Amino acid sequence: RPPVLCAGCPHRGSFYAVKQAMKGKKTVYCGDIGCYTLGNAQPLDMTDTCLCMGADITMAQGFYHTEQDRYCFSFIGDSTFFASGITGVVNAVYNQSHQTICILDNSTTAMTGHQPHPGTGVTMMGEIVEKISIPKILEAIGVNPIIEVNPFDQEKAVEAVKNATEAKGVSAIIFKSPCISIASKVGYKFPTAKKVEETKCIGCQKCIKELGCPALSLSSTLNTKGKKIVEIDKTMCTGCGLCSGVCPTKAIN
């Protein structure tokens with residue numbers, strides 16, 4: 001299979017929330033270097049540009065100043081924000097851009113080996129230090145509003161996106177949930193893996209077509225209308241619940 005966001009990856013929820021909130025609107029989604037670059041692939045299709053670390057924020061500014069009727073988004077991870085995103089935010093606020101910065105805070109540097117960064121509270125030598133606050137940095141620069149939300153709480157996440165885009169100037173949404181690879185280390189308790197109720201599944205494949213989670217696939221079992229039903233790989237499912245919210249017949253529980 002092609003590269004894909006892990007089952008239970010919070011970035012999938014972040015992308016999906018923005019996608020749902022901005023349906024039918026003129027948008028541009030500026031991506032960056034990290035696991036979330038995989039948001040470019042179908043079915044999410046949420047990365048229109050990818051140049052280098054920090055370019056998501058600066059490219060979104062360029063799009064805004066060129067087409068001011070377009071909703072401009074930038075997606076950047078917490079690690080990349082500290083490495084090369086802050087200067088772009090300063091420039092955006094100072095030059096009166098109108099854009100929404102989505103900080104995908106998964107509490108690690110997931111793409112290159114889970115190294116610590118200034119937001120993790122641990123140095124490269126293993127020393128415990130005070131975390132540097134992303135919200136405080138944004139507030140000091142002049143970003144407003146700054147909304148923090150769990151991407152797996154889709155109702156609140158979608159509402160956060162709508163509220164952020166309605167504000168003037170530079171707004172920010174911090175989608176905060178740990179990378180699934182380190183979740184247990186930071187005290188995250190995994191929900192029970194989801195199951196598909198065969199009698200309720202109509203074989204529409206909406207969960208597969210809209211989310212692209214690798215734990216979802218079609219089984220050989222047919223429903224009463226002769227359509228293949230969806231099955232969930234229990235060894236991969238983390239119980240995040242995104243598919244449950246997408247299913248039109250509530251067949252996934």
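Which sense does the pairing of strand 2 and strand 3 take, and over how many bridges? Let me start there. This is a predicted model, so keep that in mind throughout. Strand 2 covers residues 71-77 and strand 3 covers residues 99-105. They pair in the parallel sense, over 5 bridges. For a reference point in that pair, take F75. It stands opposite C102 in strand 3.

Next, the sheet around that pair. It is an open sheet of 5 strands. The order is 1-2-3-5-4, and the pairing is parallel. Now the edges. Strand 1, residues 27-30, is at one of them, and strand 4, residues 146-149, is at the other. Each has a single partner strand, so one side of each is left without a neighbour in the sheet. On average, neighbouring strands of this sheet are turned by 20° against each other, direction ignored.

What packs on this sheet? Helix 1, residues 10-21, does. Helix 1 touches strand 1, strand 2, strand 3 and strand 5. Its direction makes about 160° with that of strand 3.

A general reminder while we are on sheets. Strands pair through backbone hydrogen bonds, either parallel or antiparallel. So far we have had the parallel case. For the antiparallel one, go to strand 6 and strand 7.

Strand 6 is residues 216-222, and strand 7 is residues 228-232. The two pair in the antiparallel sense, over 4 bridges. S217 stands opposite E231 in strand 7. Together, strand 6 and strand 7 form a hairpin, with 5 residues between them. Look at G226 in the turn. Its phi is positive, about 80°.

On to the open space. Pockets come before cavities.

The largest pocket holds about 450 Å³ of space. Its lining counts 23 residues. Nearest its centre are S107, T108, G119, T120 and K131. Which elements give two or more residues to this lining? They are helix 3 (78-94), helix 4 (134-141) and strand 5 (170-176). By class, the lining divides into 9 nonpolar, 8 polar and 6 charged residues.

The second largest pocket has a volume of about 200 Å³. Here 18 residues make up the lining, and I33, G34, T80, T109 and M111 lie nearest the centre. Helix 3 gives the most to this lining, with 4 residues. Helix 3 also appears among the elements that line the largest pocket. The class split for the second largest pocket is 8 nonpolar, 9 polar and 1 charged.

Now the closed spaces. How many cavities of 30 Å³ or more does the structure hold? There are 2.

The largest cavity has a volume of about 110 Å³. It is lined by 15 residues. Closest in, around the centre, you find C213, A215, C237, C240 and C243. The lining has 11 nonpolar, 3 polar and 1 charged residues.

The second largest cavity has a volume of about 90 Å³. Of its 14 lining residues, the closest to the centre are C201, C204, C207, V230 and C247. Its classes come out as 10 nonpolar, 3 polar and 1 charged. V230 deserves a second look on screen. Strand 7 spans residues 228-232, and V230 is one of the residues closest to the centre of this cavity.

To recap. A parallel open sheet of 5 strands, with helix 1 packed on it. A hairpin from strand 6 and strand 7. A largest pocket of about 450 Å³, and 2 cavities of 30 Å³ or more. That's the tour.

Methods. Residues numbered from 1 in each chain as written. Predicted model: local features only at pLDDT ≥ 70, side-chain atom pairs only at ≥ 80, totals over all residues. Heavy atoms only, no water. 1 Å grid on protein atoms, 1.4 Å probe; cavity = no way out; pocket = protein on both sides within 12 Å on 5 of 7 lines; lining within 4 Å. Points joined across faces, edges and corners; volume = space filled by probe spheres on them. Nonpolar A, V, L, I, M, F, W, Y, C, P; charged D, E, K, R; others polar. Pairing = 2+ DSSP bridges. Axes fitted to C-alpha atoms, helices over the stretch in contact; angles between N-to-C directions. Contact = heavy atoms within 4.5 Å.
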